[in-house]
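Thanks for asking me to look this one over. Below are some notes from a friendly read-through, to go with your own look at the model.

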Amino acid sequence: MQRTFRSTWQVASLVTFAAWLVYALAFRPLFHVIDSAAVAVSLLPIAVAAWLRGARAGFLSAAIASLPINWALLFNAGWNVEQAIAGSAGAALVFAVVAVAVGYMRDSSRRVYELTLLDPTTHLPNRVAFRHEIERVLTLPEPFAIVALFRVTGFREVNESFGYELGDDLLREVGRRLRVAVEPSAFVARFDGAVFGILSTSAAVSWQTLAESVLSVFDTTLSIGGQELRFDGRVGLAHFPDHGVNESMLLRRAEAALRDAERAATRWVAATPAATLESAGRRAMLAALRAGIANGELRLHYQPVLGLTERGVGEFEALVRWQRADGRLVPPGDFIPLANRSGLIGPLTDWVLDEAMRQAREWMDQGRHLRIAVNVSARSLLPSANLRETVEATLGRHGVDASHLTIEVTETDVMADPEQAIRVLGGLKQLGVHIAVDDFGTGYSSLSYLHQLPLDTVKIDRSFVQRLVRDSNTATIVRAAIDLSHALGLDVVAEGVENAALLGRLTAMGCDKVQGYHIARPMPAADAFAWLLASTATAAVPQAHDGLRIQRSAPAEIRPQQGTVLVVDDEHPLRLAAHRILSAEGFHVIHAATASEALRLCSEYDGQLDLVLTDVFLTDWRGYELAEHLRRQYSQLKVVLMSGDPSAALARETLLLRKPFTKRELIEHVRGALAA
């Protein structure tokens, strides 16, 4: 900022000097009476006026001030009145040109400043200006600097509840209060979102004093949307030279301290020398991770997801592991957050996607059509990440259908930018990819956004699941989450199932799928496939606390007396209702949301399905197209169409079950089709 003004002042000074030179050279040789000092005295106020108040003010100064001054100079030099007026008009013209030029440079400088160094919402300096100011302070003979980063908590809720205009009003009011709260010499800037930066250069101000001054902006309520609301904030601080010797290091330490304050629910945290050493270690690990990705040190382990309604394993979650060249296995908690805070999360996610789909293709070639879930971070949802294009290219490269991939994103990452998440996940859903929200219950999701998200599955966080048996309040929350998800047409997966008691309780609650050490630990691909084959051959089952035995084997091994029915419909509540009704009648029921998924299940059952109950209007095929395809492939397979549209009856040799239907109508149509 200082450099911008300094360079513009230099140019303005040169223009003023050039005008003085032209004036002096034009008038002195001709009249020999105009003193150069007098020219400077006349010209300088006009140039200053143009710089301070703009081109218009300079022009008026030239017209008003220079005309009488120069007329007086020329008249006293012996000119008559007419000659003095003409001469002073010529001088005023030169001065006016100077005024316009200087004023234009002043206005251009201000526009550049506003575009590059000023936040348009609060009119405070922005992050770039803040960094420049730190650099300037550190060049002083005896620099003193405390960098504080301040985040307003609850800002997102204001935007969601009151709108972005009132959110901007909140930011402006916080900025105004900050400038009043801190010492006059402090430099206040707005970064982005609800983050502000404060640079204190007064040695008389301690960390604690600065933090308390910053947080004092919320000592009184703020009026937002006609309501008096109370807010709070978190502050992270770093000091020169203890935590950094340049602006980049100081900002990194302050950002780390701010994250620590948010995690610890403490109002302010100052960086420590230990944090500096830890940061050096993180940089070393980051360099090693970058090399590890390039050198093929990453591995994928696969954890099975057991279906409680379909009674089988048709999905694995891919979990990345890092095995360094020396054989040491780095825990995911050590390197994934590090990659997430750096630019490495992009290459890491691309590698995981590619390897998971390569493995899915390999298992398909071995006769197993398994869905693989891949986790992505908030950075992958940014427009610049091009997640849809990456997924589409990866699926095409390995020849894998989109229904074999689930993209998982955490609830917290979704709510960081719900609108962007809806756009990106919607694009993936159009490809046919399944979408799951992970760690449900740990964030602060809005039900309105949850309903808008194109989800297929909700995964309940392990922190709730593991307290399920011993805490009645947690059991109530989990049951409510299951019921809510089913009402929205979503499958529910419970994570962290580590004993039979949890498995039995979740089964009784109507949970769709479970995942955890009680089922199996994450395994390398070869071990996971061997585990799947062994469980199919031995029909190994985990034992539930209430005597329920949940079949873990492949569904093709099960032949209930009443027959096996596949329900195909993109409405989850209908699939669930049909499952419960037909199961109570002794049928073995499996279900699918799309025709592609139905074909996969038919292939796995290999002719052992007895009846397919399918909606006419599926997302990928029409139901009668699916019926004709299945009858060509399995001549004994019976098909019943479901639709509220009477024209669906045009499908030849196919029974039609009109929607909405009663329990009795469903049972009669299924039994009638099987008896035909």
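The points below take up two helix pairs and a few single residues.

1. A word on the source before anything else: this is a predicted model. Please keep that in mind for every distance and angle that follows.

2. I would start with helix 18 (residues 472-487) and helix 19 (residues 500-509), which pack with their axes 10 Å apart and at an angle of about 45°. Helix 18 is therefore oblique to helix 19, as angles of 65 to 115 degrees would be needed for roughly perpendicular and under 35 for roughly parallel. The crossing of the two helices is right-handed.

3. Which residues of helix 18 and helix 19 meet? From helix 18 come Ala475, Val478, Arg479 and Ile482, and from helix 19 come Arg505, Leu506 and Met509. By class, this contact has 5 nonpolar and 2 charged residues, and no polar ones. The spacing on the helix 18 side is worth a glance with the helical repeat in mind: an α-helix has 3.6 residues a turn, so residues three or four places apart point the same way.

4. Helix 19 also deserves a look for what is hidden in it. Its buried residues are Ala500, Leu502, Leu503, Gly504, Leu506 and Met509. Leu506 and Met509 are also named in the contact with helix 18. The cover over the buried residues of helix 19 includes helix 18, together with helix 17 (462-465), strand 15 (491-495) and strand 16 (513-515).

5. Both ends of helix 19 have a local feature to check. At the N-terminal end, Asn499 acts as a cap, with a side-chain oxygen 3.2 Å from the backbone nitrogen of Ala501. Just after the helix, Gly510 takes a positive phi of about 90°.

6. Back in helix 18, I would pick out Ser485. Is Ser485 buried or exposed? Ser485 counts as buried because its relative accessibility is 2%, and the cut-off for buried is under 20%. Beyond its neighbours within four places in sequence, Ser485 is in contact with Val458, Leu490 and Val492.

7. The second helix pair is helix 13 (residues 387-398) with helix 15 (residues 418-431), where the axes are 9 Å apart and the packing angle is about 25°. So helix 13 is roughly parallel to helix 15, and their crossing is right-handed. On the helix 13 side the contact is made by Leu387, Arg388, Val391 and Glu392, and on the helix 15 side by Val424, Gly427, Leu428, Gln430 and Leu431. These residues divide into 5 nonpolar, 2 polar and 2 charged.

8. Asp354, in helix 12 (residues 345-365), leads to a link across the chain. Leaving aside neighbours within four places in sequence, Asp354 is in contact with Thr394, Arg397 and His398. Asp354 and Arg397 are 43 residues apart along the chain, yet their C-alpha atoms are separated by 8.8 Å. Asp354 is partly exposed, at a relative accessible area of 25%.

9. Last, do have a look at His243, in the loop between strand 6 (232-240) and helix 9 (247-264). With a relative accessible area of 1%, His243 is buried. What lies 2.8 Å from a polar atom of the His243 side chain? The partner is the backbone oxygen of Ala271.

Methods:
Residues are numbered from 1 along each chain as its sequence is written. This is a predicted model: local features need pLDDT of at least 70, side-chain atom pairs count only at pLDDT 80 or more; totals for chains, interfaces and linings use all residues. Side-chain values use heavy atoms; hydrogens and water are left out. Axes are lines fitted to C-alpha atoms, for helices over the stretch in contact, and angles run from 0 to 180 degrees between N-to-C directions. Helices (H or I, at least four residues) and strands (E, at least two) are DSSP runs, numbered from the N terminus. Angles under 35 degrees count as roughly parallel, over 145 as roughly antiparallel, 65 to 115 as roughly perpendicular and the rest as oblique. A crossing is left-handed if the near helix is turned anticlockwise from the far one by less than a right angle, and right-handed if clockwise. Contact means heavy atoms within 4.5 Å. Ala, Val, Leu, Ile, Met, Phe, Trp, Tyr, Cys and Pro count as nonpolar, Asp, Glu, Lys and Arg as charged, and the others, Gly among them, as polar. Buried means under 20% relative accessible area, exposed over 50%, partly exposed in between (1.4 Å probe, protein chains only). A polar contact is a pair of N or O atoms within 3.5 Å; within protein, one must be able to donate a hydrogen and the other to accept it, and residues adjacent in sequence count only if both atoms are side-chain atoms.
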